[in-house]
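This report describes the fold and the packing of one protein chain. The sequence and the structure come first, and the description follows.

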Amino acid sequence: MMAKNLFKLSLLTVVFGITACKEESVIIGQAAPAIATYDLQGNPAQLDDWQGTRLLTFWSETCGHCIMELKMLEKMAEAHPNRVQLIAINVDGENADTQAVVNKQKLTLPVVKDQMKITAERYQLVGTPTTYIIDAKGNIAAKYEGKIPDADLEKLFKG
């Protein structure tokens, strides 16, 4: 009897583990994974907070190329308003003073923090900058590791 109950308990543990720890993955054309981020005031931020086409870029304050790209993306968005919603996800962790970096660099785009690196894991982040384009339906349209090609940016912002 005890062996039978132990077997049932083991089986339940395996089934629970499979369903509870569902690994999310990023696949072009499929739904974008949820983000687990906070704005710089400490409020939860989700993908649904922004509408239309979204450009989700992961960055770090120690990545000079990331900062340059963020500034360039801001200029593109200002020149072509309402085309793409920018979302900059800082992956430096909860102890980083992201607000100080934003102030120093005079960044105006929406910046959120992936304090526990849950979003980075969901998006299978390898390094920064990494950028995802999410279409208006919430699906992953493109992924860029490193610099986004100028031709792709032109197409995205200018149509």
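In this predicted model, the buried residues of helix H2 pack against S3, S4, H3, S6 and H5. Those buried residues are Cys66, Ile67, Glu69, Leu70, Leu73, Glu74, Met76 and Ala77. Helix H2 itself has 16 residues and reaches 23 Å from its first C-alpha to its last, close to the 22 Å expected at 1.5 Å a residue. H2 also serves as the helical part of a right-handed β-α-β unit, which it makes together with S3 and S4.

The wider frame for this packing is a protein with 5 helices and 7 strands, whose elements run α-β-β-β-α-β-α-β-α-β-β-α from the N terminus on. Of the 159 residues, 37% count as buried. Among the contacts with a separation of 6 or more, 70% are accounted for by residues 24 or more positions apart.

**The sheet**

The 7 strands form an open sheet with mixed pairing, in the order S2-S1-S5-S4-S3-S6-S7. Its edge strands are S2 (44–45) and S7 (140–145), each of which pairs on one side only. Strands of a sheet pair through backbone hydrogen bonds, and they do so in either the parallel or the antiparallel sense. Four of the pairings are set out below.

| Strands | Sense | Bridges | Residues opposite each other |
|---|---|---|---|
| S3 and S4 | parallel | 6 bridges | Thr57 and Ala88 |
| S4 and S5 | parallel | 3 bridges | Ile89 and Val112 |
| S3 and S6 | antiparallel | 5 bridges | Arg54 and Ile134 |
| S6 and S7 | antiparallel | 5 bridges | Ile134 and Ile140 |

Strand S4 (85–90) takes part in a further right-handed β-α-β unit, which is made by S4, helix H3 (residues 98–105) and S5. Of the 6 residues of S4, 5 are buried, so this strand is largely enclosed by the rest of the structure.

Strand S6 is mostly covered as well, with 5 of its 5 residues buried. Thr130, Tyr132 and Ile134 point one way from S6, whereas Thr131 and Ile133 point the other way, and all of them are buried. Ile134 is the bridge partner of Arg54 and also stands opposite Ile140 in S7. In the hairpin of S6 and S7, 5 residues lie between the strands, and Gly138 takes a positive phi near 90 degrees.

**Aromatic pairs**

The model holds 3 aromatic pairs. In one of them, the rings of Phe58 and Tyr123 have their centres 5.7 Å apart and their planes at 50 degrees, so the pair is tilted; for a tilted pair, the angle is neither under 30 degrees, as in a stacked pair, nor over 60, as in an edge-to-face pair. Phe58 lies in strand S3 (residues 54–59) and Tyr123 in the loop between helix H4 (118–122) and strand S6 (130–134), so the pair ties together parts that are 65 residues apart in sequence. Both Phe58 and Tyr123 are buried.

Phe58 also forms an aromatic pair with Tyr132, and here the arrangement is edge-to-face, with 6.3 Å from centre to centre and 80 degrees between the planes. This pair likewise links distant parts of the chain, since Phe58 is in strand S3 and Tyr132 in strand S6, 74 residues apart. Tyr132, like Phe58, is buried. Through such ring pairs, Phe58, Tyr123 and Tyr132 are linked into a cluster.

**Helix H5**

In helix H5 (residues 150–158), the residues Leu153, Leu156 and Phe157 are buried. They cover an arc of only 85 degrees around the axis, which puts them on the same side of H5. The face turned away from this buried side carries Ala151 and Lys155, which are exposed. The elements that cover the buried residues of H5 include S3, helix H2 (64–79), S4 and S6. Just after H5, Gly159 takes a positive phi of about 85 degrees.

Helices H2 and H5 can thus be read alongside each other: H5 is among the elements against which the buried residues of H2 pack, and H2 is among those that cover the buried residues of H5.

Note on methods. Residues numbered from 1 in each chain as written. Predicted model: local features only at pLDDT ≥ 70, side-chain atom pairs only at ≥ 80, totals over all residues. Heavy atoms only, no water. Phe/Tyr/Trp six-rings, centres within 6.5 Å; stacked < 30°, edge-to-face > 60°. Helix = DSSP H or I, 4+ residues; strand = E, 2+ residues; numbered from the N terminus. Buried < 20%, exposed > 50% of the residue type's maximum accessible area, 1.4 Å probe, protein only. Arc of directions from axis to C-beta. Contact = heavy atoms within 4.5 Å. Pairing = 2+ DSSP bridges. Right-handed = clockwise from strand over helix to strand, strands pointing away. Expected span 1.5 Å × (residues − 1).
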